[in-house]
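Please open the model in a viewer with residue selection enabled. The tour below proceeds from one selection to the next and describes what is found at each stop.

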Amino acid sequence: MDDALVEAGNAGGPVTDVPSRQAPPEVSRPTLEPSLKVSRSCPSIVDDSITQLWAPANSSDIVADLCFVHGLRGHPQGTWNYGKTRTADAPDGAASVNKPRERSSLSIRLERLGLKKRRPVKNEGVNDQAPAADGESDTSCFWPFELVPDDFDNVRILTYGYDSHPSHFYKGSTNQMTITQHSQKLLQQITNARTKCRGRPIIFVAHSLGGILVKDMIVQSGKYEQQPKFLDVSKCTFAIIFFGTPHLGANAARYGEIVSNVVGSLPGGLSVYKEVLRGLKPDGEKLSNVNADFNDVLNKNIPAHEKIQIYSFQEGKPISSVKFFDGKVVPDTSSFFNRRDIEQVSFIAENHMNMCRFKSARVAGYIDFKAALGGYLDEINTKAGQIIIRTQTESGEIGAAEHKDLRKCLEFKERLVRQQQIESVATIEATFAWLWSSPFLTWLQSNSPLFWISGNPASGKSTLMSHIAQNSKTLEILSQVHGPNWQLVYHFFDFRAGDSIGNNFEGLLRSFLLQLLQKSPDLLSRVPELRTFVVEDSVISRPSINAMYKALKQTIEVYSTRLFVLLDGLDEYEGGKVELVTLINTLGSEHVRFCLASRADPPFPDAFHGVPSFEMQRLNTPGIKAFAAQTLQNFFSHSEYHDHMALQNVADDISQRSRGVFLWARFAIFELVDGLTRGETLGSAALRRRLEQVPPELQDIYSRIFRRGTQGNRETAGLILLLISLARDELSVETLREAVDLLPRDLVPFQSSILSSFDKS
């Protein structure tokens, strides 16, 4: 998450009653029980970025993000705070948000010009920094932090701050960002804050100018069709709750422009937000454009329940102490959309600056807010936790057909051959019991994106990778430590595939995309690059590697769950190994974890230097012993007698002689079983000699097996190997059988060379 996002402590501590405060006026609202208030510590509020105020301890409990955006002269805390902000809650080194200002010489000049009324202490200017009511100076309620978490334990609460002060009287320069620049910054900040939770619904709460920024930000977000991370914001915005937003212009902004012009003409005057304020005047060009563009968003040809929902709070009182305002700051005609299909409207009996400050959970304004928010969260929940995506798609039948065609174009016949071969091998559970106390477990519990399993040939790397894929502990540990929603993706390179697609970069991309598409069928509508594979109602038979690589990166950006990727046989990859390593390093992150397996061949030792890892042959001795013991035990399962101690000694001898090579151990066990079937016994000298005569190298074992065959069988085997080595395509068993029957043994010119290669001792 972006560094600017301040992590706050989650709800915890003793539960107490709501502190006693002066009772609010009677209101005509449903009777609701006061919320229990949980003691929690308010985080330090960042003035010009996003602060996370609160979130459930378990991120899987979050239904939506709730983001507060303040208005003109606002503050990410002060705008929403009733009464004085407690000093303890103010940012480090800052005074209380509502601390009264000393009257400056400039303030006196403005009074003389008639632009500001004289008054003893209070300042009710058009801003978000109003003092508390008389007699309640000690009462304070920062309700987004103090009330909302008690009523809604399924939202993450954010507050956004930006420089919106119309006149920095005593600063050398001020921000001159335009409305669009402000909205772009908001888009960037909210995108950064949602790096780990894209696809989650968002509900914005905005006051005054903040509502305009939110609308413009959503419009800007919708233009990023090629950048899913920005497009996510507009797609996932479920509702906006507006407090006094001037959709059709606000005289207060015009007043701010007049003040800025007067200040600029005085000695030592300085620049202010002229462009922002001009755009906010009645019928201002920029405001009109934002309103028109946002209406286009609301008018999309989709069902009303899929559109952004709107709740408009209107101010019920005017501001009387500002000379130019004998009415409301934002007229009623400007502060709502008049959209009965998607909008609810309510009045709050406060002026423009106090309408979004609630003293307690019992006041009318908060009761209405609570009902609105609760209704939206209920609507989200009724969709069974599915990510709300507001994109107009093809009809269901066409979309399903395209999805099927796209899967077909990505599939290739060699994709599952190696995986199925490994899964068909019976593996004893105890064989890999050591894994769950190895460095692999430590890595699963860490945030490191990569883990490398290196090992000698035939040391059991692929079998271990299959075990990791099938064992439920893998995803359980990831979910317990890093949160839920992990999915497994895997690909096995295999030398048997030669230079076919299964062993190159194209096959890897196809395999990843196909598995992700199978797990998340809506990707076709969410990933723009996947749409390029579909042209005029047909699917490209072989998408380019660049297009698939781009589609894979886009898919991972928008993917709603975390990925655990198993990639086996890197040394058997037919292509640039540096290219492969680059892909792994590019995609690897806290949310995309890679477990890799290969021999320690170049360039992998250098490429993965410092990456958490282990060498297979150094750790799998206990597994080989368990496999040997269980296999021999199975041989005696129907026997009345066997020496358990002798069996364990033989299994230990096999595991030590194997030097971590699992395949050697299998050959040795088969040799001993052959001896046992011939009447030799455990612990006998004859059986011991058999084990000692097993060659230490696999190549010598292969030659030994070949030499043991009859001359006729050796000739047939040589012919089969010759046919396989010369074949352009994969040969079936039936094809080989027919070829062996048709070809005479003495007419094969290269057969003798094959046979002689196995005769070498």
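**Stop 1: Asn291**

Begin by selecting Asn291, which lies in helix H9, residues 285-298. The structure is a predicted model. With a relative accessibility of 12%, Asn291 counts as buried, because the cut-off for burial is under 20%. Display its surroundings next: leaving out residues up to four places away in sequence, Asn291 touches Lys215, His247, Leu248 and Phe337.

**Stop 2: the whole chain**

Zoom out to the full model. The chain comprises 761 residues, of which 51% are buried, and its secondary structure consists of 30 helices and 18 strands. Consider the contacts between residues at least 6 apart in sequence: 80% of these join residues at least 24 apart. Several of the stops that follow concern pairs of residues separated along the chain.

**Stop 3: helices H4 and H6**

Select residues 179-193, helix H4, together with residues 228-236, helix H6. The axes of H4 and H6 are 9 Å apart, and the two helices pack at an angle of about 100°. H4 and H6 are therefore roughly perpendicular to each other, since angles of 65 to 115 degrees are classed in this way. To see the contact itself, show the side chains of Leu187, Gln188, Ile190 and Thr191 on H4, and those of Lys229, Phe230 and Val233 on H6. By character, the residues of this contact divide into four nonpolar, two polar and one charged.

**Stop 4: Asp65 and Arg200**

Turn now to charged pairs. Side chains of opposite charge can pair when their charged atoms come close. Across the whole structure, a search finds 17 salt bridges. Select Asp65 and Arg200, whose side chains meet in one of them, with an N to O distance of 2.9 Å. Asp65 lies in strand E4 (residues 64-69) and Arg200 in the loop between H4 and strand E8 (202-207), so this pair ties together parts that are 135 residues apart in sequence. Are these two residues buried or exposed? Asp65 counts as buried at 1% relative accessibility, and Arg200 counts as buried at 14%. Extend the selection to Arg156, Arg194 and Asp232, which are linked with Asp65 and Arg200 in a network of salt bridges.

**Stop 5: Arg73 and Ser164**

Keep strand E4 in view and move to Arg73, in the loop between E4 and strand E5 (81-83). Arg73 is buried, its relative accessible area being 16%. Add Ser164 and draw a distance between the C-alpha atoms: Arg73 and Ser164 are 5.1 Å apart in space and 91 residues apart in sequence.

**Stop 6: Ser459**

Select Ser459 in the loop between strand E12 (450-454) and helix H14 (461-470). Its relative accessible area is 0%, so Ser459 is buried. What does the side chain of Ser459 reach at 2.7 Å? The partner is the backbone oxygen of Asn456. Setting aside neighbours within four places in sequence, Ser459 is also in contact with Met616, Asn620, Gly660, Val661 and Phe662.

**Stop 7: Arg618 and Glu615**

Show Arg618 and Glu615, whose side chains form a salt bridge at 2.8 Å, N to O. Arg618 is exposed, with a relative accessible area of 63%, whereas Glu615 is partly exposed at 32%.

**Stop 8: Ala651**

Proceed to helix H24, residues 644-658, and select Ala651 within it. At 0% relative accessibility, Ala651 counts as buried. Its C-alpha atom is separated by 7.5 Å from that of Ala626, 25 residues away along the chain. Not counting residues up to four places away in sequence, Ala651 touches Lys625, Ala628 and Ala629.

**Stop 9: Arg690 and Asp674**

For the final selection, choose Arg690 and Asp674, a salt bridge in which the closest N and O atoms are 3.4 Å apart. Arg690 lies in helix H26 (residues 685-692) and Asp674 in helix H25 (residues 662-677), so the pair ties together parts that are 16 residues apart in sequence. Colouring by accessibility should distinguish the two partners: Arg690 is buried, with a relative accessible area of 14%, while Asp674 counts as partly exposed at 27%.

Notes:
Residues are numbered from 1 along each chain as its sequence is written. This is a predicted model: local features need pLDDT of at least 70, side-chain atom pairs count only at pLDDT 80 or more; totals for chains, interfaces and linings use all residues. Side-chain values use heavy atoms; hydrogens and water are left out. Axes are lines fitted to C-alpha atoms, for helices over the stretch in contact, and angles run from 0 to 180 degrees between N-to-C directions. Helices (H or I, at least four residues) and strands (E, at least two) are DSSP runs, numbered from the N terminus. Angles under 35 degrees count as roughly parallel, over 145 as roughly antiparallel, 65 to 115 as roughly perpendicular and the rest as oblique. Contact means heavy atoms within 4.5 Å. Ala, Val, Leu, Ile, Met, Phe, Trp, Tyr, Cys and Pro count as nonpolar, Asp, Glu, Lys and Arg as charged, and the others, Gly among them, as polar. Buried means under 20% relative accessible area, exposed over 50%, partly exposed in between (1.4 Å probe, protein chains only). A polar contact is a pair of N or O atoms within 3.5 Å; within protein, one must be able to donate a hydrogen and the other to accept it, and residues adjacent in sequence count only if both atoms are side-chain atoms. A salt bridge is a side-chain nitrogen of Lys or Arg within 4 Å of a carboxyl oxygen of Asp or Glu.
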